[in-house]
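Colleague: Before I use this model, I should like to hear the reasoning behind the terms applied to it. Please show the structure, and then set each value against its criterion.

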Amino acid sequence: MKVAKKAAKKKITRKEYTTSDIKLLKMHSKARTPVSKLAKLMKRSEGSLRQKALKLGIGLGHQR
C-alpha cells in the first residue's frame with residue numbers, strides 16, 4: 001500500500017518595506033497605477049501593498 005506524501009509547505013519569508021519602497025508606493029499611488037501591475041513591479045502581493053497603503057493613509061485601487 002502506498003502512503004501519500006504530504007505537500008511540503010513553503011516557508012513564509014517577510015520582506016521589510018524600505019524607504020525607497022514606500023517612496024515608490026506613494027509615487028504610483030499618485031500616478032494611479034493599477035495594483036496588479038504594481039504588485040508585479042514590486043514583487044509583493046496585492047494584499048500586502050493594500051495593507052501598507054492603508055497604514056500610510058494613501059489610496060490604492062478602489063479605495064480612492
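Modeller: The chain holds 3 helices and 0 strands, and along the sequence these follow the pattern α-α-α. The model is a predicted one.

Colleague: How much of the chain counts as buried?

Modeller: Of the 64 residues, 25% count as buried; the term requires a relative accessible area under 20%. As for contacts between residues at least 6 apart in sequence, 53% join residues at least 24 apart.

Colleague: What makes the span of α1 close to the expected one?

Modeller: Helix α1 covers residues 19-30, which is 12 residues. The expected span, at 1.5 Å a residue, is 16 Å, and the helix reaches 17 Å from its first C-alpha to its last.

Colleague: Why are the buried residues of α1 said to line one face of the helix?

Modeller: The buried residues are D21, I22, L25, H28 and S29. Viewed down the axis of α1, they fall within an arc of 130°, so they line one face. In general, an α-helix has 3.6 residues a turn, so residues three or four places apart point the same way. On the other side of α1, T19, K23 and K30 are exposed. The cover over the buried residues of α1 includes α2 (35-42) and α3 (46-56).

Colleague: Why is D21 called buried?

Modeller: D21 lies in helix α1. Its relative accessible area is 17%, and the limit for the term is under 20%; D21 is therefore buried. Apart from neighbours within four places in sequence, D21 is in contact with E16, M42 and R44.

Colleague: Is E16, one of those contacts of D21, buried or exposed?

Modeller: E16 is found in the segment before α1. Its relative accessibility is 66%, and exposed means over 50%, so E16 counts as exposed. With neighbours within four places in sequence left aside, E16 is in contact with D21 and R44.

Colleague: Which residue just after α1 takes a positive phi, and what makes that worth noting?

Modeller: That residue is R32, with a phi of about 60°. Most residues other than glycine have a negative phi, and R32 has a positive one although it is not a glycine. R32 lies in the loop between α1 and α2. At 58% relative accessibility, against a threshold of over 50%, R32 is therefore classed as exposed.

Colleague: How do you know whether T33 is buried or exposed?

Modeller: T33 lies in the loop between α1 and α2. Its relative accessibility is 17%, and buried means under 20%, so T33 counts as buried. T33 and G61 are 28 residues apart in sequence, and their C-alpha atoms are 8.0 Å apart in space.

Colleague: Why are the buried residues of α2 placed on the same side of that helix?

Modeller: In α2, the buried residues are V35, L38, A39 and M42. They cover an arc of only 105° around the axis, which puts them on the same side of α2. The face turned away from this buried side carries the exposed residues K37, K40 and L41. The buried residues of α2 pack against α1 and α3.

Colleague: What is the sign of phi at K43, which follows α2, and how exposed is K43?

Modeller: The phi of K43 is positive, near 55°, although K43 is not a glycine. K43 lies in the loop between α2 and α3. With 72% relative accessibility and a threshold of over 50%, the conclusion is that K43 counts as exposed.

Colleague: Why are α2 and α3 called roughly perpendicular to each other?

Modeller: Two packed helices are described by the angle between their axes and the distance between the axes. The axes of α2 and α3 come within 9 Å and cross at roughly 100°. Angles of 65 to 115 degrees count as roughly perpendicular, and α2 and α3 are therefore given that description.

Colleague: Which residues of α2 and α3 meet, and how do they divide by kind?

Modeller: V35, S36, L38, A39 and M42 in α2 meet E46, L49 and R50 in α3. The residues of this contact divide into 5 nonpolar, 1 polar and 2 charged.

Key
Residues are numbered from 1 along each chain as its sequence is written. This is a predicted model: local features need pLDDT of at least 70, side-chain atom pairs count only at pLDDT 80 or more; totals for chains, interfaces and linings use all residues. Side-chain values use heavy atoms; hydrogens and water are left out. Helices (H or I, at least four residues) and strands (E, at least two) are DSSP runs, numbered from the N terminus. The expected span of a helix is 1.5 Å times one less than its number of residues. Buried means under 20% relative accessible area, exposed over 50%, partly exposed in between (1.4 Å probe, protein chains only). The arc is that of the directions from the helix axis to the C-beta atoms. Contact means heavy atoms within 4.5 Å. Axes are lines fitted to C-alpha atoms, for helices over the stretch in contact, and angles run from 0 to 180 degrees between N-to-C directions. Angles under 35 degrees count as roughly parallel, over 145 as roughly antiparallel, 65 to 115 as roughly perpendicular and the rest as oblique. Ala, Val, Leu, Ile, Met, Phe, Trp, Tyr, Cys and Pro count as nonpolar, Asp, Glu, Lys and Arg as charged, and the others, Gly among them, as polar.
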